[in-house]
Structures are given as C-alpha cells and as structure tokens.
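Please look over the sequence and the structure below. The paragraphs after them go through the fold part by part.

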Amino acid sequence: MFEFVFHNPTKIVFGRGREGLIGSEIREAGCRRVLFVHGQQSVKRSGLYERTLASLQEAGVEAVPFGGVVPNPVLSHTRQGVALAKIQQADGVLAVGGGSVLDEAKAIAAGACSDRDVWDFFLGEPITAALPVFTILTLAATGSEMNRNSVVTNEESRQKYAISSPHLAPRVSILNPELTCTVPLDHSTYGAVDAIAHVIEAYFTGRIRARLQDRLVEAIVRTVMDSHNQILEHPTSYEARAELMWAATLALNGLTTAGVGGYGMPNHMIEHSLSAFYNIPHGAGLAIVIPAWMKWLAPRQPAPFERFAREIFGKTRAADAISGLETWFRAIKAPTRLGEVHIPAADIPALAENAHGLARQWGLADVYTPATIGQILELAA
C-alpha cells in the first residue's frame with residue numbers, strides 16, 4: 001500500500017427531505033449572502049428552487065440567484081458568476097443541481113476570491129482561497145459533492161480542463177435520493193457510467209495496489225450496476241436511488257485511491273476532448289472511450305482485467321472484462337461508438353491532439369501521445 005493522507009472535510013446530510021436544512025447549515029457556517037447557482041428549468045419545475053429559497057429565507061440567509069448553467073459548464077458563464085459574486089459581495093456559494101452546476105459553482109468560488117481571471121487556475125495557477133461552497137445534489141454522477149475538483153470548458157479554445165484544491169471541498173452537501181427522480185433516465189444512465197469510470201481508472205492503471213482498495217472498487221461497481229438496473233425497471237425506487245447516489249459519492253471522494261500509487265485518469269483525459277468538441281454528455285463519452293481504452297491496455301497488463309472479469313462478471317479472461325462492461329453499457333442504452341453520437345472518424349486526429357494537451361497537464365503525455373490516443377479512438381470508431 002502506498003503512503004497517503006486522507007482528509008475529506010465535507011459534511012454529508014443524507015435522506016428524504018434533507019434539502020430543507022440547507023438554510024440552517026449555511027447560517028451555522030457563518031454565511032449570510034450566497035450566490036445561488038443552478039441550471040436551467042428542471043430545478044424550478046420540480047419545486048426545489050422555491051423550497052431552497054424558503055429554507056434560506058427562514059434561516060436569514062440572502063440568496064443571489066444565478067441560473068443558466070449548462071451541461072459541460074462553460075468558461076464564459078463561469079466568468080459571469082464570478083463577476084456577480086464580487087458585485088453582490090457574496091460570502092458563500094450554494095450549488096443546486098447536478099455535477100455541472102457544482103463544478104461551475106466551485107470555479108466561481110475560487111474566482112470570487114482572486115483578482116486573476118478564473119481560467120488561470122485551470123492553466124495551473126494555484127488556488128489560495130475560495131468562498132465556502134454548499135450543495136444540494138440532484139444527480140448521482142460526478143462525486144463533486146464530496147471532492148475538491150471542478151471541470152469547466154473554455155468554449156473558445158475547446159479546452160476542457162480541471163482544477164483541484166482543498167479550498168473547493170464543499171462545507172455541506174445535501175443528498176436526498178428522491179431528487180434524482182426529477183432528472184431524465186438517460187441522465188441517470190450517464191451518471192452511472194461516470195461513477196464506474198471514476199473508480200476503474202486507478203484500479204486498472206495503479207502501479208501500487210491494495211487489496212482493500214480493489215475490493216472497495218469492485219463493491220462500488222457492482223452496486224452501481226445493480227442499483228441502476230433496478231432504477232431502469234422501477235424509476236422511483238428510493239432504495240435503488242439511495243444506493244446509486246451514495247456509491248457515486250464514494251467513487252470520487254478520495255476513499256478508493258487512498259493507498260494506491262502511480263495511477264492516472266486516461267479515460268477522462270480522452271473523453272474531455274469529445275465533450276469539448278461536440279458537447280455530448282460526459283458519461284456518454286466515457287461509455288465510448290472506456291471499452292476502446294480497455295482493448296488497447298488489456299494486452300499490455302492483463303492481470304487487473306482478469307481480476308475484474310472474475311469479481312464483476314464471474315469469468316476469467318481479460319477479454320471478458322471488456323465485453324462484460326461494453327455489453328452492460330449497451331444494455332442501459334449508453335453509446336459505445338463514436339458514430340452513435342455523430343463524431344466522424346475523420347476528426348480523430350484533431351481530438352487526439354486536443355487530448356494530448358490535457359495529457360501534458362496530467363503527466364500522461366509520454367504514454368498517451370497523439371498517435372496512441374488516436375489508436376484508442378480508432379477502436380471506438
């Protein structure tokens with residue numbers, strides 16, 4: 001097991017109706033005026049917007065609404081949020097929605113405490129302060145509710161980059177599984193893919209492994225698959241929604257990688273180019289990239305794939321791990337080929353070059369050259 005420090009400061013408040021506590025939680029944290037970041041229409045259609053405002057008002061917390069966050073949040077809108085937070089002198093940021101809303105809110109929280117352009121942080125400038133972040137989650141997917149990460153797309157340069165800082169870890173996150181029933185089923189599908197992607201990156205690439213961490217990953221993968229299968233049959237099942245929501249949170253809160261060394265996140269690295277160029281759902285892009293990447297990597301280091309095949313699918317060969325996961329992606333109606341999301345094979349060189357820019361940032365450029373990334377994407381064509 002690799003040496004590690006595990007510290008996760010986020011308070012999770014989990015269960016039915018817990019969103020009504022957000023006002024008191026924010027007030028207890030010492031905030032009195034928050035930038036209320038949300039998406040477009042679903043938060044209002046579901047009634048969550050008004051319930052959140054009521055909770056804030058009851059606690060004496062002023063809300064400055066800032067809506068319009070889109071899937072794959074963009075830099076231009078993030079900059080608008082930073083400017084509004086500064087003008088209104090917000091002392092906290094409340095994100096209500098899925099991972100995209102949470103990610104943009106975190107970037108706003110960092111930008112509001114700096115004179116630099118917020119994109120500088122995505123290019124490597126260290127984050128030294130951020131406004132306190134609070135969240136009410138409506139989609140089980142990214143794990144942003146309990147981690148220090150944020151991803152934003154610069155729509156001009158088509159760079160989808162990430163930041164990570166302890167200053168961005170939410171103070172409090174409200175997780176009511178019932179809220180995930182308010183989003184379309186395909187969003188839940190892509191969220192399930194994303195959660196699996198988060199745990200298998202280190203599982204397959206880590207040079208220093210730990211049996212406990214492998215078993216945690218396998219338990220999360222099985223739970224995500226089983227619970228999402230139940231949701232597809234019974235969309236309002238609270239137990240299935242709860243299992244998936246908590247599994248997705250644990251998938252990227254630092255728990256599964258504690259003690260794992262020398263790993264990377266090549267699937268996310270490659271997928272960021274797909275959604276930066278074509279604005280497809282992140283989980284859909286991952287469902288396309290993962291089987292192709294597995295086919296490329298498995299012959300080079302078959303052992304973790306053989307274990308995955310055994311523990312997840314009850315089979316023995318590395319190829320069974322790949323076919324098993326790809327078959328499940330198809331069964332839940334996630335795309336597994338570029339053509340299914342209208343990405344032409346002719347664009348692969350440009351996508352590979354774009355992904356290599358992120359590979360340089362993430363220290364993966366020596367292995368994942370443009371040629372190698374192109375080979376992987378060709379397997380998804």
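Across which strands does helix H9 lie? Helix H9 (residues 238-251) lies across E1, E5 and E8. Its direction is at about 170 degrees to that of E1. Lying across is a matter of contact, which means heavy atoms within 4.5 Å. Angles run from 0 to 180 degrees between N-to-C directions, and axes are lines fitted to C-alpha atoms, for helices over the stretch in contact. Helices (H or I, at least four residues) and strands (E, at least two) are DSSP runs, numbered from the N terminus.

This is a predicted model, in which local features need pLDDT of at least 70 and side-chain atom pairs count only at pLDDT 80 or more, while totals for chains, interfaces and linings use all residues. Residues are numbered from 1 along each chain as its sequence is written, and side-chain values use heavy atoms, with hydrogens and water left out.

The strands that H9 lies across belong to an open sheet of six strands, ordered E1-E8-E5-E4-E2-E3 and paired in parallel. Two strands pair if DSSP finds at least two bridges between them. Strand E1 (11-14) and strand E3 (62-66) stand at the edges; each has a single partner strand, so one side of each is left without a neighbour in the sheet. From one strand to the next, the twist averages 20 degrees. Strands of a sheet pair through backbone hydrogen bonds, either parallel or antiparallel. Within this sheet, strand E5 (residues 133-137) and strand E8 (residues 172-175) run parallel and are joined by four bridges. Leucine 137 stands opposite leucine 175 in E8.

A further helix, H5 (residues 99-111), lies across strand E2 (33-38), E3, strand E4 (92-97) and E5. Helix H5 runs at about 170 degrees to E4.

Following the chain on from E8 leads to proline 177, in the loop between E8 and helix H7 (185-205). Is this proline buried or exposed? Proline 177 has 0% relative accessibility and therefore counts as buried, the classes being buried under 20% relative accessible area, exposed over 50% and partly exposed in between (1.4 Å probe, protein chains only). Leaving aside neighbours within four places in sequence, proline 177 is in contact with Phe14, Gly15, Tyr238, Arg241, Ala242 and Met245. The C-alpha atom of proline 177 is separated by 35 Å from that of proline 126, which is 51 residues apart from it along the chain.

Strands E6 and E7 form a hairpin with four residues between the strands. They run antiparallel and are joined by six bridges. Asparagine 154 has glutamine 159 in E7 as its bridge partner. Strand E6 (residues 149-154) is mostly covered, with five of its six residues buried. In the same hairpin, arginine 158 takes a positive phi near 55 degrees. After strand E7 (159-164), serine 165 lies in the loop that leads to E8. Serine 165 counts as buried because its relative accessibility is 3%. Apart from neighbours within four places in sequence, serine 165 is in contact with Ile127 and Arg148.

Most residues other than glycine have a negative phi, and most peptide bonds are trans. Asparagine 72 has a positive phi of about 55 degrees although it is not a glycine. Asparagine 72 is in the loop between E3 and helix H4 (75-87) and is buried, with a relative accessible area of 8%. Lysine 333 also has a positive phi, near 70 degrees, and lies in the loop between helix H13 (318-331) and helix H14 (348-361). Lysine 333 is exposed, with a relative accessible area of 71%.

Next comes a pair of packed helices. How do H11 and H15 cross? The axes of helix H11 (residues 282-297) and helix H15 (residues 370-378) come within 8 Å and cross at roughly 115 degrees. In H11, Ala292, Trp293 and Trp296 meet Thr372, Gln375 and Ile376 of H15. By class, this contact has four nonpolar, two polar and no charged residues; Ala, Val, Leu, Ile, Met, Phe, Trp, Tyr, Cys and Pro count as nonpolar, Asp, Glu, Lys and Arg as charged, and the others, Gly among them, as polar.

Last, the cysteines. The structure holds zero disulfides, a disulfide being a pair of cysteine sulfur atoms within 2.5 Å. For cysteine 113, the nearest cysteine sulfur is that of cysteine 31, 11 Å away. Cysteine 113 is partly exposed, at 35% relative accessible area. Cysteine 181 is partly exposed, at 31%.
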